[in-house]
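I opened the model today to look up a few strand pairings, salt bridges and one enclosed space. My entries follow.

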Amino acid sequence: MTTVEPARPLAGRRRYTRKQRRLLLIGAAGAVLCLAAGLVLFALRDTIVFFYGPSEIAEKGVAPGTRMRLGGLVEQGSVTRGPGQRVAFSITDSRTVIKVSYEGLLPDLFREGQGVVTEGVFQGGTQFRADSVLAKHDETYMPREVADALKKQGHWQPGDPAAPAASSKPAAKAAP
């Protein structure tokens with residue numbers, strides 16, 4: 001009579017404990033999340049736009065071809081209109097001047113001496129080609145980024161009519 005031996009486990013196969021399986025699952029999930037975050041950032045790389053003031057561009061040495069937002073005050077006497085809807089003007093923060101070229105309709109409130117934010121491509125040197133131009137909408141509003149940049153340069157004063165509106169804070173109530 002022949003004897004049958006019991007089946008042996010496969011050679012080289014390792015059994016994981018419950019704790020090891022849990023850690024393996026958590027590690028795999030973390031790797032998948034990191035991969036997903038990397039793919040999202042890669043897809044958004046062309047739509048992320050940074051804000052700069054004219055002095056920051058000069059100080060940081062921004063590379064030509066960089067897409068960004070440029071903000072400051074429209075320099076007095078710098079607006080020139082060309083054929084069609086072409087407009088050229090300069091943006092300043094009282095220390096540095098950047099020349100902006102734009103083709104399109106300007107906002108109704110766009111004028112010299114007022115705050116403006118442009119979005120476009122830095123062309124190098126002091127040249128900027130704008131795709132869009134945003135102007136302030138009333139006497140008490142200036143984009144926060146522009147106001148902060150002007151405060152940093154010492155050009156903007158809190159009592160200035162171009163000061164940002166304090167509408168985000170509730171008015172103080174008088175004590176009875």
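I started at Leu73, which stands opposite Thr92 in strand 4. Strand 2 (67-74) and strand 4 pair in the antiparallel sense over 2 bridges. I take helices (H or I, at least four residues) and strands (E, at least two) as DSSP runs, numbered from the N terminus. Two strands pair if DSSP finds at least two bridges between them.

This is a predicted model, so I note the limits: local features need pLDDT of at least 70, side-chain atom pairs count only at pLDDT 80 or more, and totals for chains, interfaces and linings use all residues. Residues are numbered from 1 along each chain as its sequence is written, and side-chain values use heavy atoms, with hydrogens and water left out.

**Entry: strand 4 and its partners**

I looked up what else strand 4 (residues 86-92) pairs with. Strand 3 (residues 80-81) runs antiparallel to strand 4, joined by 2 bridges. In that pairing, Arg81 stands opposite Val87. The two strands form a hairpin with 4 residues between them. I checked the turn: Gly84 has a positive phi of about 70°.

Strand 5 (97-103) pairs with strand 4 in the antiparallel sense over 7 bridges. Here Ile91 stands opposite Ile98. This hairpin also has 4 residues between the strands, and Ser94 takes a positive phi near 80°.

How many of the residues of strand 4 are buried? I found 5 of the 7, so the strand is largely enclosed by the rest of the structure. Buried means under 20% relative accessible area, exposed over 50%, and partly exposed in between (1.4 Å probe, protein chains only).

**Entry: Ser90**

I picked one residue of strand 4, Ser90. Buried or exposed? Ser90 is buried, at 8% relative accessible area. I then listed its contacts (heavy atoms within 4.5 Å). Leaving out residues up to four places away in sequence, Ser90 touches Leu73, Val74, Glu75, Ser78, Val97, Ile98 and Lys99.

**Entry: Gly65**

I moved to Gly65, in the loop between helix 2 (54-60) and strand 2. Gly65 is exposed, with a relative accessible area of 54%. Its contacts, not counting residues up to four places away in sequence, are Val121 and Phe122. I also took a C-alpha distance: Gly65 and Phe128 are 63 residues apart along the chain and separated by 9.5 Å.

**Entry: salt bridges**

I count a salt bridge when a side-chain nitrogen of Lys or Arg is within 4 Å of a carboxyl oxygen of Asp or Glu. The structure holds 5 of them. I looked at three pairs.

Glu59 bridges to Arg95, with the closest N and O atoms 2.7 Å apart. Glu59 lies in helix 2 and Arg95 in the loop between strand 4 and strand 5, so the pair ties together parts that are 36 residues apart in sequence. Glu59 is exposed at 58%. Arg95 is exposed at 51%.

Glu119 bridges to Arg67, the closest N and O atoms being 3.6 Å apart. This pair links Glu119 in strand 6 (residues 115-124) with Arg67 in strand 2, 52 residues apart. Glu119 is buried at 19%, whereas Arg67 is partly exposed at 31%.

Arg86 and Glu103 meet at 3.3 Å, N to O. Arg86 lies in strand 4 and Glu103 in strand 5, so this bridge ties together parts that are 17 residues apart in sequence. Arg86 is partly exposed at 46%, and Glu103 is exposed at 53%. I also noted a network: salt bridges that share partners join Arg67, Arg69, Glu119 and Asp131.

**Entry: the cavity**

Last, I searched the whole structure and found 1 cavity of 30 Å³ or more. A cavity here is a set of points, on a 1 Å grid over the protein atoms alone, where a 1.4 Å probe fits but cannot get out; lining residues have an atom within 4 Å of a point. Its volume is about 30 Å³, taken as the space filled by probe spheres set on the points.

Which residues line the largest cavity? They are Gly53, Pro54, Gly71, Gly72, Asp93, Val146, Ala149 and Leu150. Strand 2 and helix 3 (144-153) each supply at least two lining residues. Helix 3 gives the largest share, 3 residues.

Terms used. On a 1 Å grid over the protein atoms alone, a cavity is a set of points where a 1.4 Å probe fits but cannot get out, and a pocket is an open set with protein on both sides within 12 Å along at least five of seven lines; lining residues have an atom within 4 Å of a point.
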